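Student: Please take one part of this model and go through it closely. I would like the pairing and packing described first, and then whatever connects that part to the rest of the chain.

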Amino acid sequence: MLKPEAKMPGGMLGIRHVALFVKELEVCVSFYVDMMGMQIEWQPDADNVYLTNQGDVLALHRVDYVPQAQQRLDHIGFVLNSIEDVDGWYDYFVKSGVKITESPKTHRDGSRGFYCLDAVGHLLELIYHPPITKSLN
């Protein structure tokens with residue numbers, strides 16, 4: 001196991017960028033733009049799109065592949081500002097036909113979230129997590 005040899009530097013803001021391979025690029029872009037309100041930040045060509053929500057970057061790269069049932073990626077978490085926001089997003093997704101895999105649940109640490117699938121099957125968690133929310137406000 002690696003051990004730090006010096007004091008860890010500051011400035012880490014957390015995970016603000018995720019890149020995914022997708023086969024159905026247009027379907028995936030539509031989900032994040034139309035359903036989640038992200039905007040296209042940059043599209044260098046027909047096979048690569050960079051989306052933003054003014055704080056994060058989600059890169060989608062078209063590849064022709066057959067997704068494996070078991071992948072290394074478990075889920076992508078989207079942090080919400082309040083417990084009420086969790087329920088609002090849940091209701092919105094249910095009404096919009098998004099596949100919910102786990103209904104909202106409040107955990108003993110005060111966080112609350114739920115899981116759903118994006119348009120091409122990536123597992124998403126929408127979560128209110130007090131320590132993260134505090135650090136972003």
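**The open sheet and its surroundings**

Tutor: In this predicted model, four strands form an open sheet with mixed pairing, in the order β1-β4-β3-β2. Its edge strands are β1, residues 17–22, and β2, residues 39–45, each of which pairs on one side only. From one strand to the next, the twist averages 20°.

Take the pairing of β1 in detail. β1 and β4 (residues 57–62) run parallel and are joined by six bridges. One contact point to inspect is valine 18, whose bridge partner in β4 is leucine 58. Helix α1, residues 25–35, packs on the sheet and touches β1, β2, β3 (48–52) and β4. The direction of α1 makes about 165° with that of β4.

The loop between β3 and β4 holds glutamine 54. The phi of glutamine 54 is positive, near 70°, although the residue is not a glycine. Most residues other than glycine have a negative phi. With a relative accessibility of 66%, above the 50% cut-off, glutamine 54 counts as exposed.

The sheet also has to be placed in the whole chain. The protein chain contains three helices and eight strands, and from the N terminus the elements follow the order β-α-β-β-β-β-α-β-β-β-α. A link between the sheet and other elements is the largest nonpolar core, which has 25 residues. Within this core, Tyr32, Met36, Leu60, Phe93, Leu124 and Leu126 touch the most other members. Two or more core residues come from each of β1, α1, β3, β4, β5 (76–80), α2, β7 (112–117) and β8 (123–128). α1 provides the largest share, six residues. Nonpolar side chains tend to be buried together in soluble globular proteins.

Leucine 126 shows the reach of such contacts. Apart from neighbours within four places in sequence, leucine 126 is in contact with Met36, Phe78, Leu80, Val86, Trp89, Phe93, Arg112, Gly113, Phe114 and Cys116.

Helix α2 spans residues 83–96. Its 14 residues should cover 20 Å at 1.5 Å a residue, and the C-alpha atoms at its ends are 20 Å apart, so the two values agree. After α2 comes glycine 97, with a positive phi near 85°.

Aromatic rings form a further set of links. There are nine aromatic pairs. In one of them, tyrosine 90 and phenylalanine 114 have ring centres 5.4 Å apart and planes at 75°; the angle is over 60 degrees, so the pair is edge-to-face. Tyrosine 90 lies in helix α2 and phenylalanine 114 in strand β7, 24 residues apart, so that this pair links distant parts of the chain. Phenylalanine 114 has 0% relative accessibility and therefore counts as buried, the cut-off being under 20%. A cluster linked by ring pairs takes in Phe31, Tyr32, Phe78, Trp89, Tyr90, Tyr92, Phe93 and Phe114.

Some totals put these details in context. Of the 137 residues in the protein chain, 31% are buried. Among contacts between residues at least 6 apart in sequence, 50% join residues at least 24 apart. Along the principal axes, the C-alpha atoms of the protein chain fill a box of roughly 45 × 40 × 30 Å.

Conventions:
Residues are numbered from 1 along each chain as its sequence is written. This is a predicted model: local features need pLDDT of at least 70, side-chain atom pairs count only at pLDDT 80 or more; totals for chains, interfaces and linings use all residues. Side-chain values use heavy atoms; hydrogens and water are left out. The expected span of a helix is 1.5 Å times one less than its number of residues. Two strands pair if DSSP finds at least two bridges between them. Axes are lines fitted to C-alpha atoms, for helices over the stretch in contact, and angles run from 0 to 180 degrees between N-to-C directions. Contact means heavy atoms within 4.5 Å. A nonpolar core is a set of buried Ala, Val, Leu, Ile, Met, Phe, Trp, Tyr and Cys residues joined through side-chain atoms within 4.5 Å. Buried means under 20% relative accessible area, exposed over 50%, partly exposed in between (1.4 Å probe, protein chains only). Rings of Phe, Tyr and Trp (its six-membered ring) pair if their centres lie within 6.5 Å; planes under 30 degrees apart count as stacked, over 60 as edge-to-face and the rest as tilted.
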